[in-house]
Amino acid sequence: MNDKNNNNSKIALYLGYLGLAPFVLSLLLVNFTVDFQDASTRGFTLYSAIIISFMSGIHWGIALLKNQDCHIRFIASIMPPILAWAAVLFFPLPFLLGALGLVHLAELKIDRVLFGYPEIQTWYFRMRFRLTSLVIVLHLIMIFSVT
């Protein structure tokens with residue numbers, strides 16, 4: 001790996017883990033404050049839906065760059081945010097948190113299937129797996145914290 005790629009992977013890794021901060025902060029506020037429990041729970045679920053949309057957008061961008069039929073990638077990029085949106089609108093809190101965690105897991109699976117080409121470097125897959133695993137664990141902890 002050359003220095004530029006190594007530097008990019010380090011920046012992506014740092015930013016990826018920094019992206020966990022709103023989840024962790026919301027979880028801490030739910031567990032250790034009374035005044036911010038409702039706002040923190042809403043913040044956790046909204047941030048989860050935002051991250052789902054962000055991660056799905058990667059497929060849309062890659063589809064636009066490829067010179068082949070990418071209808072599956074376009075469909076895969078829009079389904080997780082729609083599912084997250086529906087969950088936010090219609091599910092009560094514990095089920096909402098579980099549904100969002102499952103959508104994160106589904107996105108990881110989608111990434112593994114759709115990112116099966118050489119343009120994506122292996123460090124991304126390792127980082128993606130670790131971050132998604134932590135996000136799912138944080139969702140499970142939040143479920144137990146609010147029930």
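1. Let's start with H104, which counts as buried at 4% relative accessibility. This is a predicted model, so read every number in this note as computed from predicted coordinates. H104 lies in helix α5, residues 93-114. Setting aside neighbours within four places in sequence, H104 touches S48, I51, I52, T132, V135, I136 and H139. If you want a distance to check on screen, the C-alpha atoms of H104 and R73 are separated by 17 Å, with their positions 31 residues apart along the chain.

2. The other histidine to look at is H139, in helix α6 (residues 122-146). Buried or exposed? H139 counts as buried, because its relative accessibility is 1% and the cut-off for buried is under 20%. Beyond the four-place window in sequence, the contacts of H139 are F23, F44, S48, L97, L100, G101 and H104. So H104 turns up in the list for H139, and H139 turns up in the list for H104. S48 is in contact with H139 and also with H104.

3. Now the overall picture. The protein chain has 6 helices and 0 strands, and along the sequence the pattern reads α-α-α-α-α-α. The C-alpha atoms fill a box of roughly 50 × 35 × 15 Å along the principal axes. Of the 147 residues in the chain, 37% are buried. Among contacts between residues at least 6 apart in sequence, 73% join residues at least 24 apart.

4. How do α2 and α3 pack? Helix α2 (residues 21-32) and helix α3 (residues 37-65) sit at an angle of about 160 degrees, with axes 8 Å apart. Angles over 145 degrees count as roughly antiparallel, and α2 and α3 are therefore roughly antiparallel to each other. The crossing of α2 past α3 is left-handed. On the α2 side the residues in contact are P22, F23, S26, L29 and V30, and on the α3 side they are Q37, S40, T41, G43, F44, Y47, S48 and I51. By class, that contact has 7 nonpolar, 6 polar and no charged residues.

5. Aromatics next. A search of the whole structure gives 5 aromatic pairs. One of them is F23 with F44, an edge-to-face pair at 5.0 Å centre to centre with 65 degrees between the planes. This pair links distant parts of the chain, as F23 is in helix α2 and F44 is in helix α3, 21 residues apart. F23 is buried, at a relative accessible area of 1%, and F44 is buried too, at 0%. Ring pairs also join F23, F44 and Y47 into a cluster. Recall that F23 and F44 are both among the contacts of H139.

6. A second ring pair worth a look is W60 with F74. Why is it called edge-to-face? The ring centres of W60 and F74 are 4.6 Å apart and the planes are at 70 degrees, so the pair counts as edge-to-face, the cut-off being over 60 degrees. Here too, distant parts of the chain are linked: W60 is in helix α3 and F74 is in helix α4 (residues 71-90), 14 residues apart. As for accessibility, W60 counts as partly exposed at 42%, and F74 counts as partly exposed at 26%.

7. W60 and F74 also belong to the packing of α3 with α4. These helices meet at an angle of about 165 degrees with axes 7 Å apart, which makes α3 roughly antiparallel to α4. The α3/α4 crossing is left-handed. In α3 the contact uses A49, I52, S53, S56, H59, W60, I62, A63 and L64, and in α4 it uses R73, F74, A76, S77, P80, P81, A84 and V88. The contact divides into 12 nonpolar, 4 polar and 1 charged residue. I52, one of the α3 residues here, is also in contact with H104.

8. Last, a small point on A86, which lies in helix α4. A86 counts as partly exposed, at 24% relative accessibility. From A86 to L96 is 10 residues in sequence and 9.4 Å in space, C-alpha to C-alpha.

Conventions: Residues numbered from 1 in each chain as written. Predicted model: local features only at pLDDT ≥ 70, side-chain atom pairs only at ≥ 80, totals over all residues. Heavy atoms only, no water. Axes fitted to C-alpha atoms, helices over the stretch in contact; angles between N-to-C directions. Helix = DSSP H or I, 4+ residues; strand = E, 2+ residues; numbered from the N terminus. Parallel < 35°, antiparallel > 145°, perpendicular 65-115°, else oblique. Left-handed = near helix turned anticlockwise from the far one by under 90°. Contact = heavy atoms within 4.5 Å. Nonpolar A, V, L, I, M, F, W, Y, C, P; charged D, E, K, R; others polar. Phe/Tyr/Trp six-rings, centres within 6.5 Å; stacked < 30°, edge-to-face > 60°. Buried < 20%, exposed > 50% of the residue type's maximum accessible area, 1.4 Å probe, protein only.
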